[in-house]
Amino acid sequence: MASLTHTLGIRHPIVCAPMAGVAGGRLAHAVSAAGGLGMIGARGSATSEWIAEQAALAGEGGTPFGIGLMAWVPQLSTQLDAVLALPDHLRPALVSVSFGDLAAPTGRLREAGLRTACQVGNAADLDAALGAGADVIVARGGEGGGHGRDEVGARAMLDLALSATDTPVLAAGGIATAEDVARALAVGAAGVWCGTAFLTCREGDNSPQARAALIGAVATRYSRVHDVAQGIAWPREFGGRAVATPFVEEWAGAEETMTPEAKAEHAAGRDRADTDYTPLYAGVGVGRLGAETDAASVVAALAGRG
Ligand SMILES: Cc1cc2nc3c(=O)[nH]c(=O)nc-3n(C[C@H](O)[C@H](O)[C@H](O)COP(=O)(O)O)c2cc1C
């Protein structure tokens with residue numbers, strides 16, 4: 001079997017995860033130019049125009065890139081249309097669909113000859129992804145940043161996936177150093193899928209204030225606080241791991257009782273770009289983030305060439 005790096009046309013088995021609000025075309029391009037694979041993270045509200053624009057940025061000069069979509073969003077079908085309508089020279093090397101019904105979107109992408117990935121966070125997700133025919137499985141542990149499950153740890157999820165299939169498996173959740181990458185590869189992962197490690201890259205779409213807050217952050221918390229506060233209709237089973245700000249700590253576990261006053265406080269905080277309220281999604285690797293950096297340095301560090 002050809003290695004994943006060969007199949008995807010990349011030098012290092014390092015994928016920068018799709019991260020809505022952070023990983024646009026610029027970050028994806030920079031990661032891929034440095035030898036990894038950069039994924040564009042589409043928000044639920046991402047339009048066809050946005051997808052086409054970001055793909056043009058990511059794929060400039062023939063650089064490979066990927067796109068990550070969320071399976072539960074009502075706009076999924078339009079977003080899939082937009083991905084499938086990209087011109088040949090901007091054809092993504094990998095398209096991920098995660099968090100929701102995987103079979104139909106994965107089937108559509110595969111029929112069009114695109115290579116697909118699904119993030120899985122428990123045994124049932126793994127069965128669903130394999131049943132859908134995903135070309136790449138992303139075994140995502142609860143340590144990971146952003147949305148997903150908090151049921152199975154990264155190492156256990158990786159072992160589960162590796163023992164269930166010969167399909168290439170990428171390790172995800174809390175991977176922050178070259179040693180973490182080496183450990184994942186040593187047990188049989190085809191590569192790694194990292195989000196948090198790239199959160200302080202200048203090429204990202206997050207604000208300098210958000211990056212500074214991430215650099216100073218130590219603890220994270222898995223909850224539905226930001227989604228409930230903002231009225232975002234994520235399925236209940238998928239919470240999100242974010243920096244443990246006082247507001248998150250106050251409402252984690254009590255989301256259903258969040259008062260209108262608390263929601264207004266959250267909205268006002270976001271409006272004034274107060275990072276105590278900005279959803280700073282990040283995994284347990286957040287404590288490893290140093291100064292602002294760039295994608296080439298992060299790829300080199302993860303590849304052990306830093
Ligand atoms: C800020 C942020 C945004 C994310 N957005 C998405 C997304 O849009 N789509 C997606 O499939 N996964 C998303 N994720 C999850 C990542 O794909 C991945 O599972 C996670 O970052 C891996 O764990 P790590 O952050 O510890 O490296 C996001 C993660 C973060 C940190």
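These notebook entries record what I looked up on cavities and helix packing in a predicted model.

**Entry 1: cavities**

I began with enclosed space, since rolling a probe the size of a water molecule over the atoms shows where empty space is left. I found two cavities of 30 Å³ or more.

I took the largest cavity, which holds about 40 Å³ of space. I listed its lining as Phe99, Gln119, Val120, Gly121, Asp125, Arg140, Gly148, Arg149 and Phe238. I then sorted this lining by class and noted three nonpolar, three polar and three charged residues.

I turned to the second largest cavity, with a volume of about 30 Å³. Around this cavity I recorded Arg221, Ser223, Arg224, Val225, His226, Asp227, Gly240, Ala242 and Tyr281. The class count for the lining of the second largest cavity came to three nonpolar, three polar and three charged.

I also asked which elements supply at least two residues of this second lining. They are strand E10 (220-223), helix H10 (225-230) and strand E11 (239-243). H10 gives the largest share of that lining, with three residues.

**Entry 2: H2 against H3**

I next looked up helix H2 (residues 25-33) and helix H3 (residues 48-58), whose axes lie 7 Å apart at an angle of about 25 degrees. Angles under 35 degrees count as roughly parallel, and I therefore entered H2 and H3 as roughly parallel to each other. I noted the crossing of H2 and H3 as right-handed.

Which residues of the two helices meet? On the H2 side I listed Gly25, Arg26, Ala28 and His29, and on the H3 side Gln54, Leu57 and Ala58. By class I counted three nonpolar, three polar and one charged residue in the contact of H2 with H3.

**Entry 3: H4 against H5**

For helix H4 (residues 76-84) and helix H5 (residues 103-111), I read an angle of about 15 degrees and axes 11 Å apart. With this angle, H4 is therefore roughly parallel to H5. I recorded a right-handed crossing for H4 and H5.

I found that H4 brings Leu76, Ser77, Leu80, Asp81, Val83 and Leu84 to the contact, while H5 brings Pro105, Arg108 and Leu109. I sorted the residues of the contact of H4 with H5 into six nonpolar, one polar and two charged.

**Entry 4: H6 against H7**

I closed with helix H6 (residues 123-132) and helix H7 (residues 154-164), which pack at an angle of about 40 degrees with their axes 11 Å apart. I noted that H6 passes H7 in a right-handed crossing.

What is the class make-up of the contact of H6 with H7? I first wrote down the residues: Ala123, Leu126 and Leu130 of H6 meet Met157, Leu160, Ala161 and Ala164 of H7. I then entered seven nonpolar, no polar and no charged residues for this contact.

Note on methods. Residues numbered from 1 in each chain as written. Predicted model: local features only at pLDDT ≥ 70, side-chain atom pairs only at ≥ 80, totals over all residues. Heavy atoms only, no water. 1 Å grid on protein atoms, 1.4 Å probe; cavity = no way out; pocket = protein on both sides within 12 Å on 5 of 7 lines; lining within 4 Å. Points joined across faces, edges and corners; volume = space filled by probe spheres on them. Nonpolar A, V, L, I, M, F, W, Y, C, P; charged D, E, K, R; others polar. Helix = DSSP H or I, 4+ residues; strand = E, 2+ residues; numbered from the N terminus. Axes fitted to C-alpha atoms, helices over the stretch in contact; angles between N-to-C directions. Parallel < 35°, antiparallel > 145°, perpendicular 65-115°, else oblique. Left-handed = near helix turned anticlockwise from the far one by under 90°. Contact = heavy atoms within 4.5 Å.
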